[in-house]
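Here are some exercises to work through with the model open beside you. Try each task before reading the solution under it.

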Amino acid sequence: MVEQKDLKILVTVSPDELKAYITLYNTGDNSAITKEDIISALESQRVVFGIKEDIIEYLVESPMYNEAFCVAEGIAPQNGKNGMVTYHFNTDVSKTPTLMEDGRINYRELNLIQSVQEGQVLCSLVPPIKGVEGKTVKGRVLPAVNGKPAVLPRGKNVAISEDGQTLIATTAGEVEYLDATKVSVYTNHEVPADVDNSTGNVNFVGSVIIKGNVLSGFSVEAGGNVEVFGVVEGATIKAGGNIILRRGMQGMGKGTLIAGGDIVARYIEYSNIEASNNIQAEAIMHSNVKCGNKLELTGNKGLLVGGTCKVGNIVVAKVIGSHMATTTDVEVGVDPSVRERYKNAREELISMENDIKKADQAITILRKMESAGALTPDKQEILTKSVRTKVYLSSKIEEVKHEVALLDEKLQQEGNGKIRALNYIYPGVKVSIGTCMMYVKEPLQYCTLYRDGADVRVGPIDK
C-alpha cells in the first residue's frame, strides 16, 4: 500500500474534524494530478463528507503547489435554546420616589403596587428550541444539546392552566415578583388607624397598609409589602416584600425593620433596619443598617450619621458623618447576610464540637462501667443516646465545616463596593471596603471611595 508521504497530495484534517485540507507537491515527474487522485487521497484519510468539488476541479485545472487548500468542510452542531418565561406584568417596578424641583421627595407617588384581576394571565411559556446535529468530514455525527423547557414560577394564589403553558391569578390582588422562581398574588389588609391596643399585633400573609402610626411595642409581619402612612415608633415591622414609610421611624433604640425587598422611608432614627435589596431615605441617624445591594440617601438632607452600616454594593449620600466627628462605621463590598451566616456557622460549629466532646466523655465512662459489668439499664440507655448523638454531630459538623469553608471563600474575595459622597464625608467615619479599612482624618468633599488592591482610595465622583 502506498504511504501518503509518497504521494503528490498531502491530506490534513483539523483536530475537530470539521475541515480537511490538501497540499499539492510538484515532484518533477510532469504527471498531471487528476480529480480522481484527489478524491482517492481524501478517501485514504476517510474524508467522505462536505467535499468541495468546485475547489478540487479548480486545483486540477490550475495546480497551486506547497499551499494548503480547504477541500472539505463539515457541519458544526447547533445547540438549541432554552425555553423562556414571558411575564405579562412589569417585573422591574421603579422603587425610586419622585424628586421635586424644590428638593423634597414626593413619597405619595411611589406606584409600587400592580393590581391584577382573578383569571388574569400573569406569565406564559416560550417553548425550547431543539438543537441541530452536525457532521464531520469523516462522516461522524456530532450531537447537539437540546434546549431545556422553562418552568412556570408558581407561587401563592396562582394556578397553571390546563395546557400547562400559562400562569393565572386565582384571586384579585397585588402581583409580587421577588425573583425568577416565584410569582404570587397577595390580597391587601388595611389598618384604618394606628396599630395599637385596639388592633394588637398584625400578622398577614399578604400586603398590609396602615393608615396611622405603629406604636412602640407592637409588631407587623406581612408576606407581601408593608406601607405605613404615619410614624413608626419602637416597633417591629417584617415584610417578605418592601417596607414603605410615608413619614419615618423614631425607633428609640428598639425599633426594627426587616424587608425581603426594599425599604423606603423619609427618615430613620435609632433603629435596626435590614433589607435584602435596597434602602432609600432622606436621613438615617444613629441606626444599625444592613443592606444587600444599595443604600441611597437623597432629598434635601441626604444624611447618614452615627451607628453602623453594612452594604453589599454601594452607598450614595450627600453627607456621611458630622462636623462633630460622630463615630460612623460604613462597610461595603460584602453582602451582610453572608457575613452574618459565617459568624453563626462558626458559633454553631464551636457549640457542636463542645457537645461531641461531652458525648465522648460520657461514652468513655459508660464503656468502662460496661466492661466492669456495672452498667444499669438506665446507664445503658444513656450510652445508646450518647452514641447516637456522637454519630449525628459528627455528620452535622462535616456539613457545617463545608459551609464555613464556602462562606470564608466568599468573604476572602476582593470587595468591589463603593461609597459615593455628593457633598461631605467628615472625620469620625470609618470606611471598610471588603477587607480594607480607612479612617477619615479630614473632611472629604465630592468624592468616591473605592478599593485599589489593599488600600481604600479617594477619587472623583463617578456615575
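## Exercise 1: An exposed valine

Val391 has a relative accessibility of 56%, which counts as exposed. Keep in mind that this is a predicted model.

Task: find out which helix holds Val391, and how far it lies from Ile356 in space.

Solution. Start with the helix: Val391 sits in α4, which covers residues 377-412. Next, take the C-alpha atoms of Val391 and Ile356, which are 9.0 Å apart, with the two positions 35 residues apart in sequence. Finally, go back to the accessibility: the cut-off for exposed is over 50%, and Val391 comes in at 56%.

## Exercise 2: The three-stranded sheet and its helices

Task: work out the strand order of the open sheet that contains β1, β2 and β3, and say which strands stand at its edges.

Solution. Step one is the order, which reads β1-β2-β3, with antiparallel pairing. Step two is the edges: β1 (9-13) and β3 (68-73) each have a single partner strand, so one side of each has no neighbour in the sheet. Step three is the twist, which averages 30 degrees from one strand to the next.

Now zoom in on one pair. β2 (residues 19-24) and β3 are antiparallel and share five bridges. For a landmark, look for Thr23, which stands opposite Ala68 in β3.

Then add the helices. α1 (residues 35-44) packs on the sheet and touches β1, β2 and β3, with its direction at about 40 degrees to that of β1. α2 (residues 53-61) also packs on the sheet, touching β2 and β3, and its direction makes about 150 degrees with that of β3.

## Exercise 3: How two helices meet

Task: decide at what angle α1 and α2 pack, and in which hand they cross.

Solution. First, the geometry: the packing angle is about 130 degrees and the axes are 9 Å apart. That angle makes α1 oblique to α2. Second, the hand: α1 passes α2 in a right-handed crossing. Third, the residues: on the α1 side look for Lys35, Ile38, Ile39 and Leu42, which meet Glu53, Ile56, Glu57 and Val60 in α2.

Past α2, there's an oddity to spot. Asn66 lies in the loop between α2 and β3, and has a positive phi of about 60 degrees although it isn't a glycine. Its relative accessibility of 57% makes Asn66 exposed.

## Exercise 4: Two nonpolar cores

Task: name the residues with the most contacts inside the largest nonpolar core, then list what Ile284 touches.

Solution. The general idea first: in soluble globular proteins, nonpolar side chains tend to be buried together. Here the largest nonpolar core has 53 residues, and Ile237, Ile284, Leu295 and Leu449 have the most contacts inside it. Leaving out residues up to four places away in sequence, Ile284 touches Ile268, Ile273, Ile279, Val289, Leu295, Leu297, Leu303, Leu304 and Val305. A second, separate core of 16 residues includes Val11, Ile33, Leu42 and Val71.

## Exercise 5: Around β27

Task: trace how β27 pairs with β25, β28 and β29, then ask whether Thr328 is buried or exposed.

Solution. Take the partners in turn:

- β25 (residues 283-291) runs parallel to β27 (residues 303-311), joined by eight bridges; Asn288 stands opposite Thr308 in β27.
- β28 (residues 314-320) pairs with β27 in the parallel sense over two bridges; Leu304 stands opposite Ile320 in β28.
- β29 (residues 328-332) is parallel to β27 too, over five bridges; Gly307 stands opposite Thr328 in β29.

Now for Thr328 itself. With a relative accessible area of 1%, Thr328 is buried. Setting aside neighbours within four places in sequence, Thr328 is in contact with Leu304, Val305, Gly306, Gly307, Gly321, Gly428, Val429 and Lys430.

## Exercise 6: One more sheet, one more odd phi

Task: give the strand order of the open four-stranded sheet, then say where Tyr446 lies.

Solution. The order is β4-β8-β12-β11, with antiparallel pairing. β4 (84-87) and β11 (158-160) are at the edges, each with a single partner strand, and the twist averages 20 degrees from one strand to the next. β4 and β8 (residues 121-126) run antiparallel, with four bridges, and Tyr87 stands opposite Cys123 in β8.

As for Tyr446, look in β33 (residues 444-452). Tyr446 isn't a glycine, yet has a positive phi of about 50 degrees; at 49% relative accessibility, Tyr446 counts as partly exposed.

Conventions
Residues are numbered from 1 along each chain as its sequence is written. This is a predicted model: local features need pLDDT of at least 70, side-chain atom pairs count only at pLDDT 80 or more; totals for chains, interfaces and linings use all residues. Side-chain values use heavy atoms; hydrogens and water are left out. Two strands pair if DSSP finds at least two bridges between them. Axes are lines fitted to C-alpha atoms, for helices over the stretch in contact, and angles run from 0 to 180 degrees between N-to-C directions. Contact means heavy atoms within 4.5 Å. A nonpolar core is a set of buried Ala, Val, Leu, Ile, Met, Phe, Trp, Tyr and Cys residues joined through side-chain atoms within 4.5 Å. Buried means under 20% relative accessible area, exposed over 50%, partly exposed in between (1.4 Å probe, protein chains only). Angles under 35 degrees count as roughly parallel, over 145 as roughly antiparallel, 65 to 115 as roughly perpendicular and the rest as oblique. A crossing is left-handed if the near helix is turned anticlockwise from the far one by less than a right angle, and right-handed if clockwise.
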